[in-house]
Amino acid sequence: MTVKSYSYVREHFKEVINKVNEDSDAITITTKDRNAVIMSEDSYNEIMETLYLQQNPANAKHLLESIENLERGNVKTKEISI
């Protein structure tokens with residue numbers, strides 16, 4: 001994660017927005033007493049969707065099982081034609 005000062009971000013705001021969108025990277029903005037994070041809308045939406053899915057215990061269990069199967073190599077490959 002990139003870290004930039006509030007002053008830098010204020011002076012280069014459009015550049016910062018372009019960077020988080022092009023690189024899918026979040027940027028921490030520092031001030032004297034508090035920090036904030038700027039990220040692309042796509043990244044934010046992905047995080048919110050993940051949180052939503054994990055709030056339901058059945059979904060969380062299913063996702064965990066899927067991840068475990070993937071890590072064990074217990075997967076099937078399927079061709080999708082367009």
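Is Ser24 buried or exposed? At 57% relative accessibility, Ser24 counts as exposed. The legends below walk through this predicted model, one view at a time.

**View 1. Ser24, a loop residue with a positive phi.** Ser24 sits in the loop that runs between helix 2 and strand 2. Its phi is near 50 degrees, so we have a positive value in a residue that isn't glycine. As background, most residues other than glycine have a negative phi. With 57% relative accessibility, Ser24 is on the exposed side of the cut-off, which is over 50%.

**View 2. The whole protein, four helices and three strands.** Follow the sequence along and you'll read the pattern β-α-α-β-β-α-α. The radius of gyration is 18 Å, well over the 12 Å that the globule rule gives for 82 residues, so the protein is more spread out than a compact globule. Along its principal axes, the C-alpha trace spans about 50 × 35 × 20 Å. Buried residues account for 12% of the 82 residues. Take the contacts between residues at least 6 apart in sequence, and 30% of them join residues at least 24 apart.

**View 3. The surface and its charges.** The accessible surface comes to about 7,300 Å², and carbon and sulfur atoms hold 51% of that. The protein carries 10 positive and 14 negative charges. Work out the mean position of each set, and the two points are 3 Å apart.

**View 4. Lys19 and Asp23, a salt bridge in helix 2.** A search of the whole structure turns up three salt bridges, and this view shows one of them. In general, side chains of opposite charge can pair when their charged atoms come close. Here the closest N and O atoms of Lys19 and Asp23 are 2.7 Å apart. Helix 2 covers residues 13–23, and because the two partners are four residues apart in it, about one helical turn separates them. Lys19 is partly exposed, with a relative accessible area of 30%. Asp23 is also partly exposed, at 43%.

**View 5. Lys61 and Glu65, a salt bridge in helix 4.** Which helix holds this pair? Both residues lie in helix 4 (residues 57–72), four residues apart, or about one turn of the helix. The closest N and O atoms of Glu65 and Lys61 are 4.0 Å apart. Lys61 counts as exposed at 54% relative accessibility, whereas Glu65, at 37%, is partly exposed.

**View 6. Glu68 and Arg72, another salt bridge in helix 4.** The side chains of Arg72 and Glu68 meet at 3.6 Å, N to O. Why are they about one helical turn apart? Because they sit four residues apart in helix 4. Arg72 is exposed, with a relative accessible area of 58%. Glu68 comes in at 33% and counts as partly exposed.

**View 7. Val9, a buried residue in helix 1.** Helix 1 takes in residues 6–11, and Val9 has its place there. With a relative accessible area of 4%, Val9 is buried, since the cut-off for that label is under 20%. What does Val9 touch, leaving aside its neighbours within four places in sequence? Its contacts are Lys4, Val16 and Ile29. For a longer ruler, pick Ser43: Val9 and Ser43 are 34 residues apart in sequence and 19 Å apart in space, C-alpha to C-alpha.

**View 8. Thr28, a buried residue in strand 2.** Thr28 belongs to strand 2, which covers residues 27–30. Its relative accessible area is 13%, so Thr28 counts as buried under the 20% cut-off. Not counting residues up to four places away in sequence, Thr28 touches Met1, Thr2, Val3 and Lys4. Asn35, Ala36 and Val37 are also on its list of contacts.

**View 9. Asp42, an exposed residue in helix 3.** Asp42 lies in helix 3, which runs over residues 41–55. At 53% relative accessibility, Asp42 counts as exposed. How far is Asp42 from Val20, C-alpha to C-alpha? Their C-alpha atoms are separated by 9.9 Å, with the two residues 22 apart along the chain.

Conventions:
Residues are numbered from 1 along each chain as its sequence is written. This is a predicted model: local features need pLDDT of at least 70, side-chain atom pairs count only at pLDDT 80 or more; totals for chains, interfaces and linings use all residues. Side-chain values use heavy atoms; hydrogens and water are left out. Helices (H or I, at least four residues) and strands (E, at least two) are DSSP runs, numbered from the N terminus. Buried means under 20% relative accessible area, exposed over 50%, partly exposed in between (1.4 Å probe, protein chains only). The radius of gyration is taken over C-alpha atoms; the globule rule is 2.2 Å times the number of residues to the power 0.38. Contact means heavy atoms within 4.5 Å. Accessible areas come from the Shrake-Rupley method with a 1.4 Å probe; for residues, only the protein chains shown count as cover. Lys and Arg count as positive and Asp and Glu as negative; His and the chain ends are not counted. The place of a charge is taken as NZ of Lys, CZ of Arg, CG of Asp or CD of Glu.
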